[in-house]
Amino acid sequence: MERNTITPGFAADIIARSESTGWEPWLSHVAGAAGCSNPVRLRGEINAVNETTGQVLSARSTASMPDGIIYKACGTRRASLCPTCAKTYQHDAFHLVRSGMTGGKGVPTSVTAHPALFVTLTAPAFGPVHTRTLTASGKVRPCRARRDAETCPHGVRLACHTRHDESAGQIGQPLCLDCYDHDAQVVWNVASGELWRRTKINIDRGLSRLAKAHGIDPASVRLRYVKVAEFQRRGAVHFHALIRLDGRMPGTDAILPPPAALDAEAIAALVADAAASTSFRTEEHDERPEGWLIRWGAQVDVRQVELGDGEMTENHAAGYLAKYATKATEDTGHLSGRLTEATVAVYADPEGDHIARLIAACWDLGSEGGEWIRLRKWAHMLGFGGHYMTKARAWSTTFGALRDARAQWIRCQHEIDTEPAESIVLVNYLRYDGTGWHTEADALMASSAAARAREQRQLAREALDEMNTMDRLG
């Protein structure tokens, strides 16, 4: 349906909704899922029960609700599937990351004085690709300027003098598709999680040696981290991580101040050394009997996080990690569900474009079986099958705790709970009724109501910020 066009069927749906439940009661009922692109519809009963006594505090049936169902937001983290739910996930990720640097949500405020680093670890080169880089003054450099550029065996001159726009489709594309090592890239993607694990082990070992050199018990210090995986335009994964040095009491997860002798500069050196020295070789494969060497690329960036002001602040770092927690392969131009024998041919082509060749490499290499079958399982993710956001348990709070707090706030707003939250559990008897809004009219009105609510919240935040600024100025 074109924008600003009201079809007879659309108008009939608006009238039918108004006559059946009324718009105001219906919008109030769906408020929790109003901005969701594809809500889940549930039918059944909801009971609030005192966990200690077993007393049923309230019991509600969806039969008495508009449409006889509950609309639940899909909750996806992927912005390409549902921007609103992904934005909620992004906000949660931001506060989860930030509280690990500033305190709050169960983390002591003393962490503001702990050494903290923002680390970027990239994949190695698998062949020359089109890029976009800036000079120190912010000007765009020529993509790959070479006076004496080589011509590859396939007759392609490995140079490009174009100053690519940020949205240029060539960025990340190989200069020569036939020279590019697509097999090595998808193997690197599938093995990148293991490379991170080994790197972290080497960092921890380096920390133990450093602590001993300063006469510190290695068991009294610990590195805590949170990291996200990001797809580059070329389809290779790289990692952004925040690493914080804590003191600890063995046997507990208590977050204590670290020894003053261990500073951010010393920890940065440990991280850089571990990134440079960590590598391993995969098991053998028919296509590569000696296996593939898995190591980090040359671009390893380690920066100190400076609270409040500086090149990398806690807000910059948290915002950066939260942004990439809502993405997958979108920046590569590919987006699909899990592939099967029946669907893989739609996306895989060993003679096709860059992404088609990567998917074909996953499928072909995965035919060997054993551990390599993971490449087929994650072919739709170009081989990467790890979690997009992982953290140490003691970094900060959890997504589950943030969701529970939001649910409790909503229940309080609707005066559902009359007892302390810790004594209440919800016992639901719900069954799946379907997915999505019933009509286009419902979808439009729900999203419009959600947009108005967001605008009101933003205006309230701006007014509060203005009041706080005036209070500080006296």
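How many helices and how many strands does the protein have? There are eleven of each kind, eleven helices and eleven strands, taken as DSSP runs (H or I over at least four residues for helices, E over at least two for strands) and numbered from the N terminus. The model is a predicted one, so local features need pLDDT of at least 70 and side-chain atom pairs count only at pLDDT 80 or more, while totals for chains, interfaces and linings use all residues. Residues are numbered from 1 along each chain as its sequence is written, and side-chain values use heavy atoms, with hydrogens and water left out.

First, the overall picture. The C-alpha trace spans about 75 × 65 × 55 Å along its principal axes. Of the 474 residues, 43% are buried; buried stands for under 20% relative accessible area, exposed for over 50%, and partly exposed for what falls in between (1.4 Å probe, protein chains only). The protein exposes about 25,000 Å², and carbon and sulfur atoms supply 51% of that area. Accessible areas come from the Shrake-Rupley method with a 1.4 Å probe, and for residues only the protein chains shown count as cover. Contacts (heavy atoms within 4.5 Å) reach well along the chain: among those between residues at least 6 apart in sequence, 69% join residues at least 24 apart.

Next, the charges. Lys and Arg count as positive and Asp and Glu as negative, with His and the chain ends not counted; each charge is placed at NZ of Lys, CZ of Arg, CG of Asp or CD of Glu. On that basis there are 54 positive and 56 negative charges, and their mean positions are 3 Å apart. A negative patch on the surface is made up of E283, E284, D286, E287, D364, E368 and E371. Patch members have over 30% relative accessible area and no salt bridge, with like charges joined within 9 Å and nonpolar side chains (Val, Leu, Ile, Met, Phe, Trp, Tyr) within 5 Å. One of the members, D286, sits in the loop between β7 (279-281) and β8 (293-295) and is exposed, at 66% relative accessible area.

As for salt bridges (a side-chain nitrogen of Lys or Arg within 4 Å of a carboxyl oxygen of Asp or Glu), the structure holds 18. One of them pairs E330 with R78 at 3.8 Å, N to O. E330 belongs to the loop between α6 (314-324) and α7 (344-347) and R78 to the loop between β3 (70-72) and α3 (83-102), so this pair ties together parts that are 252 residues apart in sequence. R78 counts as buried at 15% relative accessibility, whereas E330 is partly exposed at 23%.

R288 and D181 also meet through their side chains in a salt bridge, at 3.8 Å, N to O. Here R288 lies in the loop between β7 and β8 and D181 in the loop between β4 (116-121) and α4 (182-213), so the parts tied together are 107 residues apart in sequence. R288 is partly exposed, with a relative accessible area of 23%, and D181 is partly exposed at 27%. Another bridge joins K327 and D331 at 3.7 Å, N to O; K327 is partly exposed at 27% and D331 is partly exposed at 32%. R17, D67 and D442, for their part, are linked in a salt-bridge network.

Turning to single elements, helix α6 has E314, A317, A318, L321, A322 and Y324 buried. The cover over these buried residues includes α3, β4, β5 (221-231) and β6 (237-247). In helix α9 (residues 373-377) there is K377, which is partly exposed at 45% relative accessibility. K377 and G366 are eleven residues apart in sequence, and their C-alpha atoms are 8.3 Å apart in space.

Strand β1 (residues 40-50) contains N47, which is buried with a relative accessible area of 10%. Setting aside neighbours within four places in sequence, N47 is in contact with V56, S58, A59, R60, V425, L426, V427, N428 and Y429. Q55 lies in the loop between β1 and β2 (56-61) and counts as partly exposed at 47% relative accessibility. With neighbours within four places in sequence again left aside, Q55 is in contact with A48, V49 and N50. The C-alpha atoms of Q55 and I424 are separated by 9.7 Å, although the two residues are 369 residues apart along the chain.
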